[in-house]
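I opened this notebook to keep track of what I looked up, one topic at a time. The entries follow the order in which I went through the structure.

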2 protein chains.
Amino acid sequence: MREEMLTEHPLFQIMHPRSVAIVGASNDFTKMGTIQLLNLLGGKYPGKIYPLHPQEKTVLGLPAYPNARELPEPADLAILTLPTSAVPEVLEDLGVRGVKRAIIISGGFKEVGEKGRELEALLVKIARKHGIRFIGPNCIGVIHPALHLNPTMYPYFHRAGSVGVASQSGTYVTQILPLLAKSQIGYSQAISVGNEANLDLVDCLEYLGSDPQTKAIAVYIEGVKRPREFIRIAQGVTREKPIVALYVGGTEAGARSSASHTGSISGPDALYDALFRQSGVIRAYTVEDLYEWAWALASLPLPKGRNMAILTHSGGPASSLADACNRWGLKVPLFSEGLQAEIRRLLPATGSYHNPVDLTFFMDVGVLMEKLPEIILKDPSIDGLLLHGVHGSSYFHQVAEIAKNFIRIPPYEKVKSFFFSAMEAFVRLPERHGKPVIASAFTEREDDAVAFSQDHGLPCYRAPERAVRAMAALCRYAEICSRE
Amino acid sequence: MREEMLTEHPLFQIMHPRSVAIVGASNDFTKMGTIQLLNLLGGKYPGKIYPLHPQEKTVLGLPAYPNARELPEPADLAILTLPTSAVPEVLEDLGVRGVKRAIIISGGFKEVGEKGRELEALLVKIARKHGIRFIGPNCIGVIHPALHLNPTMYPYFHRAGSVGVASQSGTYVTQILPLLAKSQIGYSQAISVGNEANLDLVDCLEYLGSDPQTKAIAVYIEGVKRPREFIRIAQGVTREKPIVALYVGGTEAGARSSASHTGSISGPDALYDALFRQSGVIRAYTVEDLYEWAWALASLPLPKGRNMAILTHSGGPASSLADACNRWGLKVPLFSEGLQAEIRRLLPATGSYHNPVDLTFFMDVGVLMEKLPEIILKDPSIDGLLLHGVHGSSYFHQVAEIAKNFIRIPPYEKVKSFFFSAMEAFVRLPERHGKPVIASAFTEREDDAVAFSQDHGLPCYRAPERAVRAMAALCRYAEICSRE
């Protein structure tokens, strides 16, 4: 999509509103609409906010309007969090006032049966009459961290990132945030599509595919409404950027659950496998993999092949990485004799140097995080590196906590350079060599080196097998790209 | 094993020493032996500790002995963290002084090739001469939290638990502790076996199988030395308690890595599959699953069948749980009409009640965590419950952080009862109904309800699919038990 077209996309306008009318917020802290407005305010959304409320003169300190028809201007976006039956009338009023974009949070439509289906059809009719494009109903809204736009009920505390999200589950846009924050997996923009009465997953793919902040797209799917268009749009997008999909409607229980969740019509697993294959979409099977793979795909250069090097100071993770590589279709080739000799020079006698490289208890962080990766990644036969054992402050703090009662321990600042000396070089490896590097460690952001790695775009996962699976997704996407 | 026999088991004596001689500790904080001694001291090990040191008069304030022959008594256990070449002589001296049990941390033996193999054979010979039984070499030691015995280089900060560990990787006993602590997965006793020159995995299974604190056993395997004995012992143990195994030697890369790590001779994947099947051992494929499954198996009653109920207030996780159930061989049956009617009475109009049960945005914690589980688990056709969405303080704190600048927020203590009212009842469900309940949430122990659940023996995992896989492991073990 060309740039001038991007700004005309209905989702661009929903994701970049200069003004928001919010219907359902009040001064009662326990109401969902109120929490949504608090998130807009607390997140420092820079646009105008117009709360609508039938009785209150002000809502959370903002002047309130009794009715959409009395809005001082046709807001760029309206957000509706209302009892089901009140939605059509309010949408009609918004339309009359000239509002053209909306997010309908309220549930109780298609997903609850015949009566809800009728009500949802009415929404579509009203929208068509007024030229309104909307997300929902039965969704949780959208998040655009860089624009400080978060009118969902969940605060977004961590940094904006480059993973775009389109989801038929609101939970996977909001409640999952604490988990994503632990790895610094950040959204470019995230959209909960709900029942997709008007705008759907395909629209989201089209939009996120053109959004320059979005480097990879994660999609949660219970059922695709427009499979032909999905394939056409996804084929175009995956030529430019990767899409990872989690599809849960392909089993009997998954299909039943999805039908009552968003009223989606799911299809057999094999059908969706084919749909994804044809579209160049990578399929994940768990919500953790969905986001972790998208994160790696958004952050790293693609490998030229499946030959991986493994580097660690722990024998167990070395074997786990090696075993998982083979199980996920990655190769762990024996290094050439020349490379082995180069590596061996830097290792203690107990170390292994064939691939995996295991330093054992040798604690030279510079060798582990800089010198060896440099030597290994320079070798043209190696396509990527898996490294287990990023560590900085956490072990020191743990030991110091025990030891301080018995001996004098230097303050962490004095020894930090020991742990940290190589981190700057480490996070630059992917760019320097044009090859992917994925790390793992059994600590998370309580360790400053893990946090540093994540903050500088080098994914560090909480277990070795997770790193391997993400690397396999990179290889998969590299192959998808080279098919064309 | 009868109790009097248990106390005679060489591993019982290693895990319950009244005195420890430690060789390799000094007053230099950067030495591994020193950190091990600090852990013993800091962990408040109640027995006597005798540091051996050729020069120092005291080590970390304790009187030091220049030589094993001058020990004031034959210590129950000796721990050796020395340069490889020094180990045989020290072991000989310990033997002469009458020490009968040892842990040899030092590496540089079988795992590094021919010369190391000879040196390892020498250790075995010396041990045999003096009647010494030992763990290692090339291991990380043992941890027995309830006895405050942790002579490894990693502090153990969280609570003792009921998962027994035998591992051919020291990392999976020590460095993995921060990860395990995040879910309150606690060891009964953990043993890093290293090269298994004397005591091996089979000895560990035999011992942990008889240890009354150990309710489930997690085993990390690169290669089994004595497969026949493994089967015989494991068959006996799995009649009484579950064993979960992670085997990484069954792929080409995993086998090569394992050979250079502990010098293990691994075997084809299919062979180990058969070995595990014959022994009644449950096979995991990732280190996270290994521990998470063992945790569930150690904590929960076994299901009578594979019929699962799913309960949540989020549609996405409901579908993910349902889909994952079917993928992992669990059933999610439609509830009977009577049960559906009972459930429906407690739900808002937007809720689903067929199974999965989805409360949607209805926030009555008592309904989610107590009333519905009670109704569902009473139904004889349901064998277990998966619940996503345990939550207490974390969401409140997040929202309060945003909202406090705009409205008056009550202190958490005032609203805690709202979130917490049903937690006491929730954690008693498995015992009350004799059925397993496994939870998930996207927060970890920063949420007080998640921490409460974990602290009271009801596993709560960080993602829905993890809960399903653990439940599948429970079903698997129930079937293993009923085969006999």
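**Chain A as a whole**

I began with contacts in chain A between residues at least 6 apart in sequence, and I noted that 74% of them join residues at least 24 apart. I am working with a predicted model, and for chain A the average pLDDT is 94, with 97% of the residues scoring at least 70. For the complex, I copied down the predictor's ipTM of 0.96 and pTM of 0.96.

I then looked up the make-up of chain A and found 19 helices and 18 strands. Its radius of gyration is 25 Å, which is close to the 23 Å that the globule rule gives for 484 residues, so I recorded chain A as being as compact as a globular protein of that length. Along the principal axes, the C-alpha atoms of chain A fill a box of roughly 80 × 55 × 45 Å. I also noted that 63% of the 484 residues in chain A are buried.

**Where the chains meet**

Next I turned to the contacts between the two chains, where 72 residues of chain A are in contact with 72 residues of chain B. On the side of chain A that touches chain B, the elements that give two or more residues are α3 (32–42), α6 (177–181), α9 (252–262), α11 (287–299), α12 (315–327) and α15 (393–403) of chain A. I marked α12(A) in particular, since with 11 residues it gives the most to that side.

**The run from β5 to β7 in chain B**

I followed strand β6 (residues 101–104) of chain B and asked myself whether its faces are covered or open. Both are covered, with buried B:Arg101 and B:Ile103 on one side and buried B:Ala102 and B:Ile104 on the other.

I found that β6(B) pairs in the parallel sense, over three bridges, with strand β5 (residues 77–80) of chain B, and that B:Leu80 stands opposite B:Ile104. Together with helix α4 (residues 87–96) of chain B, β5(B) and β6(B) make a right-handed β-α-β unit.

I then found that three bridges also join β6(B) to strand β7 (residues 133–135) of chain B, again running parallel, and here B:Arg101 has B:Arg133 as its bridge partner. Helix α5 (residues 114–130) of chain B belongs to a right-handed β-α-β unit with β6(B) and β7(B).

**A six-stranded sheet in chain B**

I looked up another sheet of chain B, an open one of six strands in the order β8-β10-β9-β11-β12-β13, and wrote down that its pairing is mixed. Its edge strands are β8 (141–143) and β13 (282–284) of chain B, each of which pairs on one side only. On average, neighbouring strands of this sheet are turned by 15° against each other, direction ignored.

Towards one edge, I saw that strand β12 (residues 243–247) of chain B pairs with β13(B) in the parallel sense over three bridges, and that B:Val244 has B:Ile282 as its bridge partner there. I also noted helix α11 (residues 287–299) of chain B, which lies across β9 (163–167), β11 (216–221), β12 and β13 of chain B and runs at about 165° to β11(B).

**One loop residue**

Last, I looked up B:Asp364, which is found in the loop between β15 (357–358) and α14 (365–378) of chain B. I counted B:Asp364 as partly exposed, because it has 18 C-beta neighbours inside 10 Å. From C-alpha to C-alpha, B:Asp364 and B:His313 are 9.9 Å apart in space, while in sequence they are 51 residues apart.

Terms used. Residues are numbered from 1 along each chain as its sequence is written. Chains are lettered from A and ligands numbered from 1 in the order in which they are written. This is a predicted model: local features need pLDDT of at least 70, side-chain atom pairs count only at pLDDT 80 or more; totals for chains, interfaces and linings use all residues. Two strands pair if DSSP finds at least two bridges between them. Helices (H or I, at least four residues) and strands (E, at least two) are DSSP runs, numbered from the N terminus. Axes are lines fitted to C-alpha atoms, for helices over the stretch in contact, and angles run from 0 to 180 degrees between N-to-C directions. Two residues are in contact if their C-beta atoms, placed from the backbone, lie within 7 Å. pLDDT is the predictor's confidence in each residue, from 0 to 100. The radius of gyration is taken over C-alpha atoms; the globule rule is 2.2 Å times the number of residues to the power 0.38. A residue is buried if 20 or more other C-beta atoms lie within 10 Å of its own, exposed if 12 or fewer, and partly exposed in between; C-beta atoms are placed from the backbone. A crossover is right-handed if, with the strands pointing away from the viewer, the path from the first strand over the helix to the second runs clockwise.
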